[in-house]
Amino acid sequence: MELKKIDKPDLGLFLQNLIKDFQVEGVKRKGQSVYGQSFFYGSINAPDELCLDFDCTTMPPKKYFIPPKEELLKFTIAPKPEVAEVIESKPLIIFGVHPYDLKAVNQMDKIFSEGNPDPNYLKRREGILLIGVDPTKVSPRSFWNSMEAASVSSGFDLMLTDIGESYLVEVGTDKGGNLLKKYAKVSSVTKEEEQKRIDVRSKIWNMCKKRALNFPMRELPSLLVNSLNSPLWDEKASKCLSCVTCNMVCPTCYCFDVWDDVELDLTHGQRYRRWDGCLASDFAKVATGENFRETRAARYRHRFLRKGQYLFSKLNDAACVGCGRCAAYCLPDIADPVDVFNRLKEAVK
Ligand code: SF4
Ligand code: SF4
């Protein structure tokens with residue numbers, strides 16, 4: 001593992017140099033909301049716009065990998081049928097991604113590259129450099145420590161840890177190493193500073209133990225299979241607004257809907273996709289009008305099964321990284337996985 005150090009006064013210079021050559025996206029402050037101080041990913045045009053001491057952004061960085069709405073194809077119907085794929089991608093750097101969101105990106109990388117590889121996702125992903133940062137604060141609803149998402153060993157090009165006077169920077173890829181060489185003023189790291197990184201990380205990981213699963217996360221698949229008929233699904237879902245917020249803010253929800261827009265002259269058109277979510281009332285509706293998950297309880301249960309059981313068998317991991325966004329932004333406050341999973345566990349004891 002290659003570890004370097006950037007003194008804090010030199011971080012602005014690093015960023016300034018990057019901005020000259022790249023589109024840099026990063027975490028910005030949005031001001032106070034009913035949920036407290038809020039943060040979002042946006043374009044960074046000057047070093048002082050970047051915020052690295054955030055607890056959790058409202059939305060994860062998934063919009064850079066899967067845009068909320070995207071054109072996939074242009075097609076001609078007449079006089080001659082033709083199809084041309086559309087792949088929009090531009091190189092960019094995302095500066096300031098917490099490990100739990102990096103874990104979610106690692107999962108999307110696997111899902112979009114296996115089976116039927118998704119060319120739009122993969123092309124876009126190829127052009128994105130990820131600069132991670134260890135959290136210095138924990139959002140009140142986060143439980144990433146329970147979900148094995150406090151740290152990642154891959155998926156970042158560079159990974160920063162605030163150790164006080166400076167940032168230690170772990171080099172994750174050659175691309176990341178080259179960025180440091182070309183754009184940053186770095187120095188070598190002492191044994192004491194390496195130890196400081198370990199101490200800083202363990203302190204923040206301990207702070208994320210306030211909200212936690214009361215059992216090992218790897219028991220989720222069997223717990224969920226044994227809880228298919230739990231009354232909890234009806235109890236929680238009776239308050240569900242089917243607003244889909246929990247899907248939209250989730251870094252591991254990647255479902256989308258595809259449709260064709262045919263122009264009025266019926267000679268040509270475009271195919272699009274946009275984000276969709278399994279809590280939407282028509283998510284499982286098919287062409288004949290049949291809806292495979294007609295009730296709110298069925299849709300609500302499906303989301304938790306997908307996170308903790310269906311995708312577990314594909315990823316050998318939970319498709320929940322414990323960011324806590326769904327819990328924080330669900331208006332009736334019924335979406336919190338910690339509450340749901342712990343209550344299911346209590347019931348099967
Ligand atoms: S955010 Fe809450 S109310 Fe909205 S769909 Fe999800 S569970 Fe239902
Ligand atoms: S299910 Fe909720 S806590 Fe888990 S990753 Fe998605 S938004 Fe975060």
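## A tour of the predicted model

Start at P79, in the loop between β4 (69-76) and β5 (82-85). This is a predicted model. Select A78 together with P79: the peptide bond joining them is cis, and its omega is near 5 degrees. Most peptide bonds are trans, and most residues other than glycine have a negative phi.

Now go to E148. Look for E148 in the loop between β7 (128-133) and β8 (158-162). Check its backbone: phi is near 55 degrees, a positive value in a residue that is not glycine.

**Zoom out**

Show the whole protein chain as a cartoon. How many helices and strands does the protein chain have? Eleven helices and eleven strands. The radius of gyration is 22 Å, close to the 20 Å from the globule rule for 349 residues, so the chain is as compact as a globular protein of that length. Along the principal axes, the C-alpha atoms of the chain fill a box of roughly 65 × 65 × 40 Å.

**Helix pairs**

Two packed helices are described by the angle between their axes and the distance between the axes.

Select helix α1 (residues 8-21) and helix α4 (residues 174-183). Their axes come within 10 Å and cross at roughly 105 degrees. Are α1 and α4 roughly parallel or roughly perpendicular? An angle from 65 to 115 degrees counts as roughly perpendicular, and α1 and α4 are therefore roughly perpendicular to each other. Show side chains at the contact. From α1 come L13, F14, N17, L18 and D21; α4 brings L179, L180, K182 and Y183. By class, the α1 contact with α4 holds six nonpolar residues, one polar and two charged.

Next, select helix α2 (residues 99-113) and helix α3 (residues 119-126). The axes of α2 and α3 come within 9 Å, crossing at roughly 135 degrees. That angle makes α2 oblique to α3. The crossing of α2 past α3 is left-handed. On the α2 side, pick V105, M108, D109, F112 and S113; on the α3 side, pick Y121, L122 and R125. Colour the contact of α2 with α3 by class: five residues are nonpolar, one is polar and two are charged.

Keep α2 and add helix α9 (residues 296-315). The axes of α2 and α9 lie 11 Å apart, at an angle of about 75 degrees. The helices α2 and α9 are therefore roughly perpendicular. Which residues meet here? Q107, K110 and I111 of α2 meet L311, K314 and L315 of α9. The contact of α2 with α9 splits into three nonpolar, one polar and two charged residues.

**The ligands**

Centre on ligand 1. Which residues are around ligand 1? Begin with C240, L241, S242, C243, V244, T245 and C246, then add L279, C330, P332 and I334. How many residues in the shell around ligand 1 are charged? There are no charged residues; nine are nonpolar and two are polar.

Move to ligand 2. Select C320, V321, G322, C323, G324 and C326 around ligand 2, then add F143, C250, P251, R303 and K307. The shell around ligand 2 has two charged residues, with seven nonpolar and two polar.

**Last view**

Show both ligands at once, with their shells. Cysteines to label around ligand 1 include C240, C243, C246 and C330. Around ligand 2, cysteines to label include C250, C320, C323 and C326.

Technical notes:
Residues numbered from 1 in each chain as written. Chains lettered and ligands numbered in written order. Predicted model: local features only at pLDDT ≥ 70, side-chain atom pairs only at ≥ 80, totals over all residues. Heavy atoms only, no water. Near = heavy atom within 4 Å. Nonpolar A, V, L, I, M, F, W, Y, C, P; charged D, E, K, R; others polar. Axes fitted to C-alpha atoms, helices over the stretch in contact; angles between N-to-C directions. Helix = DSSP H or I, 4+ residues; strand = E, 2+ residues; numbered from the N terminus. Parallel < 35°, antiparallel > 145°, perpendicular 65-115°, else oblique. Left-handed = near helix turned anticlockwise from the far one by under 90°. Contact = heavy atoms within 4.5 Å. Rg over C-alpha atoms; globule rule 2.2 N^0.38 Å.
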